[in-house]
Amino acid sequence: MTTQFAFSGVADGSHPRGALIQGSDGNFYGTTTDGGSFGAGTVFRMTPGGALTTIAQFDGFNGANPEAPLLEDTDGSLLGVTQNGGPADQGVIFRLSIPSTPPQITSQPGGLVTYDGATVTLRVAGFGSSPLFYQWQKNGINLANGSQVLGAQSRSLVLTNVSPANAGAYSVIVSNFLGSIPSAPA
């Protein structure tokens, strides 16, 4: 077992309780019941590599002490509930909208060596305003789905029945309405 992140209390929250969810962007999202600047919990994003960012804090009025898992809506916003907080201190249902941001890559695709006939999967994780679009490339040329290529326009690229002809530099361009960013080659 490997620790991905250890909470410290104030800056990032403490006592995570609800299950992590994997968002459509490939990152993991969750809540802490306590901690944060107001002691009432936080909402965080964690990359597949374990880098954690606090994206919201509960202050009592907007809710306090979330304990249930988050849900992701079709627009990319996160929905959740808190045990306490709100005007009557009886809890709230909240929606956290991700602000309009250009795409960012939070986890690069990794290179690999494999054998003839294998199936390989390359993945990227990104963050930014929804929807995010993906275009995989091999040696700088756009890929299309076919008999051996699946997911040419998704977060995960699957190559089946690989051979030496599949060797090359694979990358992905992640884009949204605010711009695009290329990944490092794998």
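User: In this predicted model, in which loop is the place of Asn65?

Analyst: The model is a predicted one. Asn65 comes after strand E5, which covers 52-57, and before strand E6, which covers 71-72. The place of Asn65 is therefore the loop between E5 and E6.

User: Is Asn65 buried or exposed, and what is its relative accessible area?

Analyst: The backbone of Asn65 has a positive phi of about 60 degrees, although the residue is not a glycine. Most residues other than glycine have a negative phi. A residue counts as buried under 20% relative accessible area. Asn65 is therefore buried, with a relative accessible area of 14%.

User: Which residue in the turn of the hairpin formed by E12 and E13 has a positive phi?

Analyst: Strands E12 and E13 form a hairpin with 2 residues between them. The loop between E12 and strand E13 (141-142) holds a residue other than glycine whose phi is near 50 degrees. The residue in the turn with the positive phi is Asn139.

User: How many bridges join E12 to E13, and which residue in E13 stands opposite Gln137?

Analyst: The two strands of this hairpin run antiparallel, and 2 bridges join E12 to E13. Opposite Gln137, in E13, stands Asn142.

User: How many bridges join E12 to strand E16, and what is the bridge partner of Phe133 there?

Analyst: E12 and strand E16, residues 170-176, run antiparallel. The bridges that join E12 to E16 number 6. In E16, the bridge partner of Phe133 is Ser175.

User: How many of the residues of E12 are buried?

Analyst: E12 is joined to E16 by 6 bridges and to E13 by 2 bridges. Strand E12 is largely enclosed by the rest of the structure, because its buried residues number 5 of the 6.

User: Where is Pro131, and what is the omega of the peptide bond from Ser130 to Pro131?

Analyst: Pro131 is placed in the loop between strand E11 (125-127) and strand E12 (133-138). Most peptide bonds are trans. The bond from Ser130 to Pro131 is cis, with omega near -5 degrees.

User: How many aromatic pairs are there, and what is the geometry of the pair of Phe58 and Phe94?

Analyst: The count comes to 3 aromatic pairs. Phe58 and Phe94 have ring centres 5.1 Å apart and planes at 70 degrees; planes over 60 degrees apart count as edge-to-face. The pair of Phe58 and Phe94 is therefore edge-to-face.

User: How many residues apart are Phe58 and Phe94?

Analyst: The pair links distant parts of the chain: Phe58 is in the loop between E5 and E6, and Phe94 is in strand E8, residues 93-96. Phe58 is buried at 4% relative accessible area, and Phe94 counts as buried at 11%. The two residues are 36 residues apart.

User: Which residues form one aromatic cluster?

Analyst: This cluster consists of phenylalanine residues. Its members are Phe5, Phe7 and Phe44.

User: How many helices and strands does the protein chain have, and what share of its residues is buried?

Analyst: The protein chain has 0 helices and 17 strands. Its C-alpha trace spans about 65 × 40 × 25 Å along the principal axes. Among the contacts with a separation of 6 or more, 46% are between residues 24 or more positions apart. Of the 186 residues in the chain, the buried share is 42%.

User: How far apart are the mean positions of the positive and negative charges of the protein chain?

Analyst: The exposed area of the protein chain is about 9,500 Å², of which carbon and sulfur atoms supply 56%. The chain carries 6 positive and 10 negative charges. The mean positions of these two sets lie apart by 11 Å.

How values were computed. Residues numbered from 1 in each chain as written. Predicted model: local features only at pLDDT ≥ 70, side-chain atom pairs only at ≥ 80, totals over all residues. Heavy atoms only, no water. Helix = DSSP H or I, 4+ residues; strand = E, 2+ residues; numbered from the N terminus. Buried < 20%, exposed > 50% of the residue type's maximum accessible area, 1.4 Å probe, protein only. Pairing = 2+ DSSP bridges. Contact = heavy atoms within 4.5 Å. Areas by Shrake-Rupley, 256 points an atom, 1.4 Å probe, with all protein chains shown as cover. Lys, Arg positive; Asp, Glu negative; His and termini not counted. Charge placed at Lys NZ, Arg CZ, Asp CG, Glu CD. Phe/Tyr/Trp six-rings, centres within 6.5 Å; stacked < 30°, edge-to-face > 60°.
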